[in-house]
Structure formats: C-alpha cells, structure tokens
Amino acid sequence: MRAKPLFLMIAHRSAILAYIAFALFPLYWLLKVAVTPNDLLYSEGIRMWPSRASLEHFDFVLRHSAFPVFFKNSLIVSGSTAVIVTILASLSGYALSRFNFRGKYWLVALMLLTQMFPLVMLVAPIFKILSPLGLTNSLTGLVIVYTAFNVPFATFLMQSFFDGIPKDLEEAAMIDGATQFVAFRQIILPLTLPGIAATLGFVFTAAWSELLFSLMLISGNDQATFPVGLLSFVSKFSVDFGQMMAAGVLALIPACLFFLLIQRYLVQGLTAGAVKG
Amino acid sequence: MDHVARQSGLPAGRTPLKKRIADGAAPYLYSAPALILIVTVMLVPLVLGVSYAFRDIQLLNPFSGAYIGLDHFRALAEDQAFYRALRNTLWWTGASVFFQFVFGLILALLLDKPFYGRGLAQALVFLPWAVPSFLAGLNWAWLFNPVVGPLPHWLYALGIMSEPNNILSDPQLAMWGPIIANVWWGIPFFAITLLAALQAIPRDLYEAASIDGAGPVQRFLSITLPFLAPTIAITILLRTVWISNFADLIIVMTNGGPADRTQIVASYIFTQAFKRLDFGYASAIALVLLALLLAYSMLIVILRQWLLSKD
C-alpha cells in the first residue's frame, strides 16, 4: 500500500517540475544569450551556459542605444494609464457596486461588449480621429487610448473589491452626517487599498504589453514605447542577438515586479475579464 | 431642516427635493467619466470604422474618402488571401485553445492539493502570463532561430527534422511557431481560472464519495468534471473569441509570412491598415470579422438555451 502513494508523489512532483521547466526555459534562454559575449555566441553553439559571462550587452544597451528613452516612455505611458484608469474605475466600480439606477444594465452591457469585439478594428478610425488633434506620435494620445481600453475591465475588478466591503460602514458614516462621497473617500477607499494596488498592477502590465496601437500611432523614435523600439531594433540590426535579448530582459523587469504585486489577485483579475488574457 | 432630516434618518419621502435630485444623480456622476471615455474612444471609432467599410479611405491619398457602396466587400469576396486568413484563423484558434485548455487543466489538477513549495511552484508556472506578448513572441522566435536558439538543433538531434532549420520560415510548419508561443503564454490563464473553480468544490463531497468506495477516476468523472463544466464552458467560449482576435504574436513572430501561411484575419486587418494604409479595406475586413464573431456568440447562446430546455 505504501509503494503506490510514493510512486504517485514522484510522478506528481516530476510533472510539476516539467511545467516549471517549460515555463521558465524561454526566459532562461533570453538571459543566457543576453550575458553571452559575442565571440562565444556563435563559436560555442547551443551550450546551456557560456564559458564566460559578461554584462557587455547590457552596458551597450543602457549607454549607447535609445532603449533608456523607450523604457522611460513606456514607464510614463503605463504609469499614467494605470493611475488614471484606477481613479476612473474606482468611481464607476463604486457606482456599480452600491447603486441601483436606471441604465445600469446598459452600462454593464456596453462594458462587456468592449471586452468582446476585436480591438484591431479600431486601429484605423482611432488613427484618423487622433491625427488632426495632433495626438498621433504622442504619448498623451497613447495614454488616452489605453485608458479607455482598460477602464471597463478595471471597473469590474474594482466593483468586485467594493462588493467585499459591507455596506453598513458608509451607512453608519452617513447617519453621522457625512455625504456619500465623503464616506466613499474617507472610509471605503482606504479599505480597498489592496484592490487599488491590484488594479494598478493589472492595468500597468496590460499597458506595458500593448503592441498594435503603439505601432500604429507612434512613428518617431523619441516617442517610441518599448515594444515599438524593440521591434524596430529587431528589423534594423537583426544580427545583434545579444543586445536585443539584453533589451528584452529589461522589458521583462517591470512586468515581473508587477506580477509579484498582483499575484494574489490573479483569480479576481482574470474573472473580471482582464484585457491581457 | 436638511441637517435634521439626515440626522434622524427620516424616510426618503420626507427628504427635500434638492437632496433627492442629488441622490438620484450620484450613480451617474460616479460612472460618467468612465462612460464618456468609453463612448468617445471606443464606441465612436467603432461606428466610424463601420462607415469606413463603405468608403474609399487611403491614408496617403488625399483624394480618397468617397462612398463606394459595397465595392470593398466585392473585392473581399474575390480575395484569396482573405479566405486563407479565415482558414488560418480557425486553425490558429482551435489548436491554441485546445492545447491551452488541456495543459491548463492538467496543471490546475496538479496544483489543487497542498504540497511542500506549492506557493513557489505556482508563482513560477504562472510567470509566462506576466511576460508582455511582444516579448513572448520575440523570445519564441529567437528559440526557433537556428543561429541562437536551441530548438532546431534539438529537433534535428531527435531526428524529427532533417536539418536544423527555422520552422518559422517553413510554409508547412510556420503556424506551429505562434501556436506554441501562444500555448506557453496562455496555459497560466486556464490553470488560474480552473484552479479557482477546483478549490471551490466542497471537500466533503470527495470524502463521502471515497467512503462509498469511489475510486479516483470515478471521483474525477462524477464530482470534479460536473462541477468544473460551467467554468470550462465559459472560459473556452470567451478565450475562443479573444484568441481569434489576438494578432500580437503572429505580427511579431512571422508578420503573416511565409507566403501568408500564418496570416489570420486579425493580423490581415492590421497589415492592411498599418502597411498598406488602406483604412477602407481594413475596416471592411474588420466588419466581416465582427459579423462572424457575433454569429459565433449567437450560436453559443442558442446552443445554451437548447441544452437548458432539454434538461
């Protein structure tokens, strides 16, 4: 009887290990090529670790390429998007959580609809609208577009956090003479801080990853976000794998940091219909 | 008066008119900023995009813009590249969803019971979800590249490939590149959702079943699967729509090539708008895609009604 559970346990652990290996291998390879000096990259073939590691690619990328600018642009865009979306979504999420009002059903339906239809069909009209306003090739234009794309899902996410807070709290405050908005700001919002942090994280990662609209809307190098910069780098200097992968590792860092932040809320985020699958 | 009414919590009928209006407007004020933004940045362009489908709109041609009726759709009906993209979309979506679901379900089952180091294992296997899609695409494109990537050499060593080539440039195999990247990237999504559903199953059901002598397979088939079924159905349906619209990986890895073998409808729309700057034709294709997705959703709703009425 003892032998079978032990066998099962070994099978279970090896299956988990296989999954971990599959999940991490591409990222490991990215890091490996990024630290392989150029002379070893081609001579040593596909070794698991180079005989000599160096940070020369990172050094080059940080000091002699435009990647720090791309990185800064992406930080600005993703950070502002995350902050604005979280403010708007906590207001609208609060409305959905606490009020019953005429048109609520249509508001929810509209927000669900925006999660379902192909965003790629907005690429051309949005370009046409933003172009005369001077908002193409501008980080502001990108922030506006990303904010709109992320508000619906963030609203549902914030709503789920508000739903978890008992209504009695603000009712008590309102009996004490506070208006509902004061109760919302001073009592409910502080209690939702973890939810706010999670929403910030989800929206930041979504904005950090967005590709198609930044490709379409941004053309100049000084306004390019990280994905645009990386892709143009790939097509221009497609020989220097070490530098590209060093840049890739840089793009991974904020994503991983925010992943740690939102890890506990993944389920809630995904069921709220996270834009970034 | 206002103050007194609120202090004593009198019934709503006694509150002054001004406050009643303010209370009635509150939910609209809370949701107005979000709503205005969604309408102006998503709904208006959507309607505009529909109108583009019937117009000749080319970004670089200042004389374009005239209404041309159904010309785009006539062109589309003859467009072999579009039909190929339609077939590729089915293949891309079907294979991606299938493998993401199967591997995601296995992973969720593996992570369901507590074991030493589960938290860490969970964080590591879910990490691909956090990788930006453009980076996931580039990363896998590099893995498939025989110059820096190990995969062609391994496939060659295993005798699967006759020489270490890049499968992304092989018309027969190219679609597998984005599909594999997509599976890698999407397994966590299914695993996270299914794991949450698994953990919501009451544990005493399993105990009761094993006291009654049910084996593990029987317990899986008669408890786990029925409980998971609604989550599985909803997740697969939503993911199908989402993945068929998901062009990032393809645009990054193959850009639709070689010879349009990996072009899906979503990436075809983007190519028309981004490379050819033919906004009218791109919008016409987008409208067809939207109609197909609507038809698919309707089909699901009808199917669900039919299943419910059968019980």
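## Helix α10 of chain B and its surroundings

In chain B, the buried residues of α10 pack against three helices: α4 (80-112), α8 (176-199) and α12 (265-274). That is a good place to start in this predicted model, and the points below work outward from there. Chain B is built from 13 helices and 0 strands, and it shares a contact with chain A that takes in 67 residues of chain B and 70 residues of chain A.

**Helix α10 of chain B**
- The buried residues behind that packing are B:L228, B:T235, B:R239, B:I243 and B:S244.
- Helix α10 covers residues 216-244 of chain B, and its end C-alpha atoms are only 36 Å apart, whereas a straight helix of 29 residues would span 42 Å at 1.5 Å a residue.
- Have a look at B:A229, where α10(B) has a kink of about 45°; the proline B:P230 comes shortly after the kink.

**Overall build of chain B**
- Read along the sequence, chain B gives the pattern α-α-α-α-α-α-α-α-α-α-α-α-α.
- Two domains are assigned in chain B: domain 1 spans 17-52 and domain 2 spans 82-310.
- The C-alpha centres of these two domains of chain B are 34 Å apart.
- Chain B has a radius of gyration of 26 Å, while a compact globule of 311 residues would have one near 19 Å.
- Along the principal axes, the C-alpha trace of chain B extends about 85 × 75 × 45 Å.
- Buried residues make up 38% of the 311 residues of chain B.
- Of the contacts in chain B between residues at least 6 apart in sequence, 62% join residues at least 24 apart.

**Positive phi angles on either side of α12**
- B:D260 is not a glycine, yet its phi is positive, at about 60°.
- This residue, B:D260, sits in the loop between α11 (248-253) and α12 of chain B, and it is partly exposed, with 17 other C-beta atoms within 10 Å.
- B:L277, also a residue other than glycine, has a positive phi near 55°.
- The loop between α12 and α13 (279-310) of chain B holds B:L277, which counts as partly exposed because it has 15 C-beta neighbours inside 10 Å.

**The side of chain A that touches chain B**
- Of the 70 residues that chain A brings to the contact, the largest share, 11 residues, comes from helix α1 (residues 3-34) of chain A.
- By class, this side of chain A has 57 nonpolar, 12 polar and 1 charged residues.

How values were computed: Residues are numbered from 1 along each chain as its sequence is written. Chains are lettered from A and ligands numbered from 1 in the order in which they are written. This is a predicted model: local features need pLDDT of at least 70, side-chain atom pairs count only at pLDDT 80 or more; totals for chains, interfaces and linings use all residues. Two residues are in contact if their C-beta atoms, placed from the backbone, lie within 7 Å. Helices (H or I, at least four residues) and strands (E, at least two) are DSSP runs, numbered from the N terminus. Ala, Val, Leu, Ile, Met, Phe, Trp, Tyr, Cys and Pro count as nonpolar, Asp, Glu, Lys and Arg as charged, and the others, Gly among them, as polar. The expected span of a helix is 1.5 Å times one less than its number of residues. The bend at a residue is the angle between axes fitted to the seven residues ending there and the seven starting there. A residue is buried if 20 or more other C-beta atoms lie within 10 Å of its own, exposed if 12 or fewer, and partly exposed in between; C-beta atoms are placed from the backbone. Domain bounds come from an automatic or database domain assignment. The radius of gyration is taken over C-alpha atoms; the globule rule is 2.2 Å times the number of residues to the power 0.38.
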